[in-house]
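Student: I would like a close look at a single part of this model. Please take the nonpolar core and what surrounds it, and keep it brisk.

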Amino acid sequence: MRVSDIQRCEVRPGRLVEWTLSPATIAAAAALPPDPRPPAYIQESHIRTARSVREDGLFVPTWIGAAFDLPGRADLDALEHALRDWMLRHETLRSGFRWAGDDMHRFTLDEDDVTLRREVVGDFADAGALVRYLQDRFDTAADALSWPNFIYAAVVRDDSTSVYLAFDHTNVDAYSLQRIPDEVHTLYTAGVTGRPVTGTPVGSYVDFCELERANADGIDDTHAIVARWREFISRCDGRLPEFPVDLGLRPGGVLPEQKLLCEPLVDAEAAAAFEAHCRPYGGSLVGILAATSLIVHELGGQPVYRTVVPFHTRVKSAWSDSVGWYVGGAPIEVPAAPDFASALGAVRAELRANRSLARIPLARVLRLLGADFRPTSPDMYSIISYVDARLIPGSARWTEQKAYGLLRVSYGDQVCAWINRLDEGLWFACRYPDTDLAYKNVRRYAEALRDMIVSVPAGDRPRVAEPAFS
């Protein structure tokens, strides 16, 4: 899906309807005993970071979500049943956390205890007013430090119905969001037509959390993965890596507001040519990272590009269709290369050597390192993410459905970029600090990346950016 924010996902006027968990469901959750299955390290780190930032006096919304259209004026009963059935398919959506002192404990509802409450909010004639309402509502209803921490909504019109789902990140990752339009549309269509839905059960992310945590807790500070991270962080001056260009930030300054840059990067033909050129080295992910290493060297002058590459952790088929936050990170270090081919080889070697590091959660590694990483920002480090989304079920209908993956852009001092390959080409989205210098250098990065993707298949003669603004 195209990654965007609520302001740029084609919100149109209509009658707004919301679904939240019913008071009876919330009461049932309050009476539940603890579920012995622990949070994933990534979930716990996210919630602790949100709490730390909140204690510093700043409310930083971090929800993510999905938006898509259904044809015509939706049957709200059928849509409600579809949303509930989709929830029950994924156990993590009926599971949450409570604090006991400084410890987090899980609770998980039985399927029979899950009911939704529908509320008609009212008619919105102005798209701008609707956007403002949705953002404020999602900020409150999908807050990392509360439960329930998700909400569903629909904007109903005669010709179409727009569906919005917003979640705290502990519930979902980007792949989970991209599966939502097809799954909910299938369940809704079955409800309207009376046809049964056939499908196999999916693995539970709650079970995955237990297994992953047990595996992570089985290593100590002498493990090779911990040693590799120790060396990497040491070469990053004792911190996790930032985007190595000048963002115009003052050291020790307040957490800045962020902006979003999102736009098409290249068309399908250029994306295919770039993929073909990079395939001997591992494909477009390697190519994007290689191009980035060359560009940021020109922009920032650093002799080595260091970053953490996100990888999915859905290592078993049981997790393939499961909703959850199945993401780990692997560090790479790419010295400045004389040309694109050399950069491709360096990135391929780094990914081959280090991808396995993503199977141990970084939060566990940091705990073993004993480093004091008191989080002051919702983003621990900058990322460049690449995903080929063309094989995700329903992706061919995303343009027709006006399907978007939603980011909440609020505060942060890092640069986080997502590059998705869609049927129509590559889509670029990037959160960055709201400074003039950050905008200029992120814009230069995006334009140089576009130029390089187009130029390298034609002869491995990459064009790089002019010197960065300073």
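Tutor: Start with the term itself. A nonpolar core is a set of buried Ala, Val, Leu, Ile, Met, Phe, Trp, Tyr and Cys residues joined through side-chain atoms within 4.5 Å. Keep in mind that this is a predicted model.

The largest nonpolar core has 70 residues. W86, Y152, F167 and W229 touch the most other members. Helix α3, residues 76-89, supplies the largest share of this core, with eight residues. In soluble globular proteins, nonpolar side chains tend to be buried together.

Take Y152 in detail. Leaving aside residues up to four places away in sequence, Y152 touches V17, E18, W19, L83, W86, M87, L93, L116, Y164, L165 and F167. That list includes W86 and F167, which also rank among the core members with the most contacts.

A separate core lies apart from this one. That other core has 50 residues, among them L294, I295, V309 and V456. L294 sits in helix α9, residues 284-300. Is L294 buried or exposed? L294 has a relative accessible area of 8%. The cut-off for buried is under 20%, so L294 counts as buried. K259 is 35 residues from L294 along the chain, and their C-alpha atoms are 24 Å apart.

Now the sheet. Seven strands form an open sheet with mixed pairing, in the order β1-β13-β3-β8-β7-β2-β6. The edge strands are β1 (2-4) and β6 (116-124), each paired on one side only. From one strand to the next, the twist averages 20°. Strands of a sheet pair through backbone hydrogen bonds, either parallel or antiparallel.

Look at one pair inside the sheet. Strand β3, residues 64-71, runs antiparallel to strand β8, residues 160-167, over eight bridges. In this pair, S162 of β8 stands opposite D69. Helix α5, residues 174-193, packs on the sheet and touches both β3 and β8. The direction of α5 makes about 35° with that of β3.

One helix pair completes the tour. Helix α2 (residues 41-55) and helix α11 (residues 362-369) have axes that come within 7 Å and cross at roughly 75°. An angle of 65 to 115 degrees counts as roughly perpendicular, so α2 is roughly perpendicular to α11. Which residues make the contact? From α2 come Y41, E44 and S45, and from α11 come A363, R364 and R367. By type, the contact residues divide into two nonpolar, one polar and three charged.

Terms used:
Residues numbered from 1 in each chain as written. Predicted model: local features only at pLDDT ≥ 70, side-chain atom pairs only at ≥ 80, totals over all residues. Heavy atoms only, no water. Pairing = 2+ DSSP bridges. Helix = DSSP H or I, 4+ residues; strand = E, 2+ residues; numbered from the N terminus. Axes fitted to C-alpha atoms, helices over the stretch in contact; angles between N-to-C directions. Contact = heavy atoms within 4.5 Å. Buried < 20%, exposed > 50% of the residue type's maximum accessible area, 1.4 Å probe, protein only. Parallel < 35°, antiparallel > 145°, perpendicular 65-115°, else oblique. Nonpolar A, V, L, I, M, F, W, Y, C, P; charged D, E, K, R; others polar.
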